[in-house]
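Reader: I should like to be guided through this structure by way of questions and answers.

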Amino acid sequence: MGGYYSCTYIQNGITFYPDNKLTVCCMSFDENVTIANLEDLPENLSRHILDKKQIMIEDFKKGKIYDCCRQCPSLRKGYFKTTIKKIRHITLNHYLACNLKCIFCGYAKELFGKSKDTNHNLVLKTIKKMRHDQILSKDLFVDIGGGEPSISTGLNEILKYIIGLGYNAHINTNAAKFSDVYADGAKKGKIKITITADAGSKDVYAKVKGADYFKTVWENTKKYIDYIGEDNDRKVEIKFILQPENISDINNMIDMCVKTKVKNIVCDMDLNIKPENYSVYKKPIVMFKKLCYDNNMNLHKGSFLPDELWHDTQKQDSFKTYFDKMLTRARKCIKTSVRPLILVGLLMILTVLMRLIR
Ligand code: SF4
Ligand code: SF4
């Protein structure tokens, strides 16, 4: 073990991308992080994956950070493993098809019209090979993004294979379409569903997501939660990616969560927002924290919301929460001390009245 710059993907993961790409990273298609082309797999694929990671680790230990990694929010200095033997995290981002057109979608900007989905069978074959070579960790976790997974039929086969082996999966869906496979998997505790809603009102939804699915998405959210039952904790969560178009919609977002009985919320931020604009997001984040606290909801930080911004709002949030608690206590205190005084007063009046009557 030693202290050096690395990230969770170098340490634990591999990612399937469109155009038959297998990479170390879930942010970049740069050559430095590319492992192989799935149509032309090396004979010793599993060894090749681990070797690629080792090269990155050795380079990063020497301070040779690749350009594609320099500005990445996942890069951090820490005491990481120096030899990787198992894959603990697979990301499936290998298809592009989607029923929405979100304004912040990296896929829309970079890949739509230029790239092709990777064939699901090729992905499944590769995962099976890694399983055969015993490089999949017992606690393997599979993250499914996309595109929109619910509209891709071939993906269900991969999902069933993964769950069948006892691994857990995490689906990122826009919920414009309801999936029985996801609902069943979540009910059994094998799938966690993250619904990226991004808006609490129809107009903001249309602006941010580029389609009129607001009602359907929230109806489907309710359907997932009702199907999974009261024990939906940690099985379904709603994500809001903050961006200029939706930061004034936070009250509505929380209202919709209350109506649909959502318990877990993720507050994230558009990856493209520059540090000089972070201050605009402080107030909305504080508001998010306050409303979630008031409504007894669990709030989590999304992976693209910068730590410093989250912690900065934590101070204001803590002060506000502390102030609210003190106010509630003071009110209670006044109530409990005034009540006996009223009672004594009433008794005295009663005593005087009784004497007067006699
Ligand atoms: S770009 Fe980021 S996530 Fe990808 S390998 Fe580099 S540091 Fe890791
Ligand atoms: S739902 Fe996801 S893949 Fe589809 S447009 Fe939005 S961000 Fe892109």
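**Ligands, helix and core**

Reader: Which residues are the closest to ligand 1?
Author: A residue is near a molecule if its C-beta atom, placed from the backbone, lies within 6 Å of it. By that criterion 14 residues surround ligand 1. The closest are C7, C25, C69, C72 and L75.

Reader: On what model and numbering do these statements rest?
Author: The model is predicted: local features need pLDDT of at least 70 and side-chain atom pairs count only at pLDDT 80 or more, while totals for chains, interfaces and linings use all residues. Residues are numbered from 1 along each chain as its sequence is written, and chains are lettered from A and ligands numbered from 1 in the order in which they are written.

Reader: How many residues of each class does the shell around ligand 1 have?
Author: Ala, Val, Leu, Ile, Met, Phe, Trp, Tyr, Cys and Pro count as nonpolar, Asp, Glu, Lys and Arg as charged, and the others, Gly among them, as polar. The shell around ligand 1 has no charged residues, two polar and twelve nonpolar.

Reader: Which residues are the closest to ligand 2?
Author: Eleven residues surround ligand 2. By class they are six nonpolar, three polar and two charged. The closest are C98, L100, C102, C105 and N174.

Reader: Where do the buried residues of α9 lie around the axis?
Author: Helices are DSSP runs of H or I with at least four residues, numbered from the N terminus, and a residue is buried if 20 or more other C-beta atoms lie within 10 Å of its own, C-beta atoms being placed from the backbone. In α9 (residues 214–228), F214, V217, W218, N220, T221, Y224, I225 and I228 are buried. Because these residues cover an arc (of the directions from the helix axis to the C-beta atoms) of only 155 degrees, they lie on the same side of α9.

Reader: Which element supplies the largest share of the largest nonpolar core?
Author: A nonpolar core is a set of buried Ala, Val, Leu, Ile, Met, Phe, Trp, Tyr and Cys residues joined through C-beta atoms within 7 Å. The largest one has 71 residues, and V24, A186 and I193 have the most contacts inside it. The largest share of this core, six residues, comes from α9.

Reader: What percentage of the chain counts as buried?
Author: The chain has 358 residues. Of these, the share that counts as buried is 34%.

Note on methods
Buried ≥ 20, exposed ≤ 12 C-beta atoms within 10 Å, placed from the backbone. Helix = DSSP H or I, 4+ residues; strand = E, 2+ residues; numbered from the N terminus.
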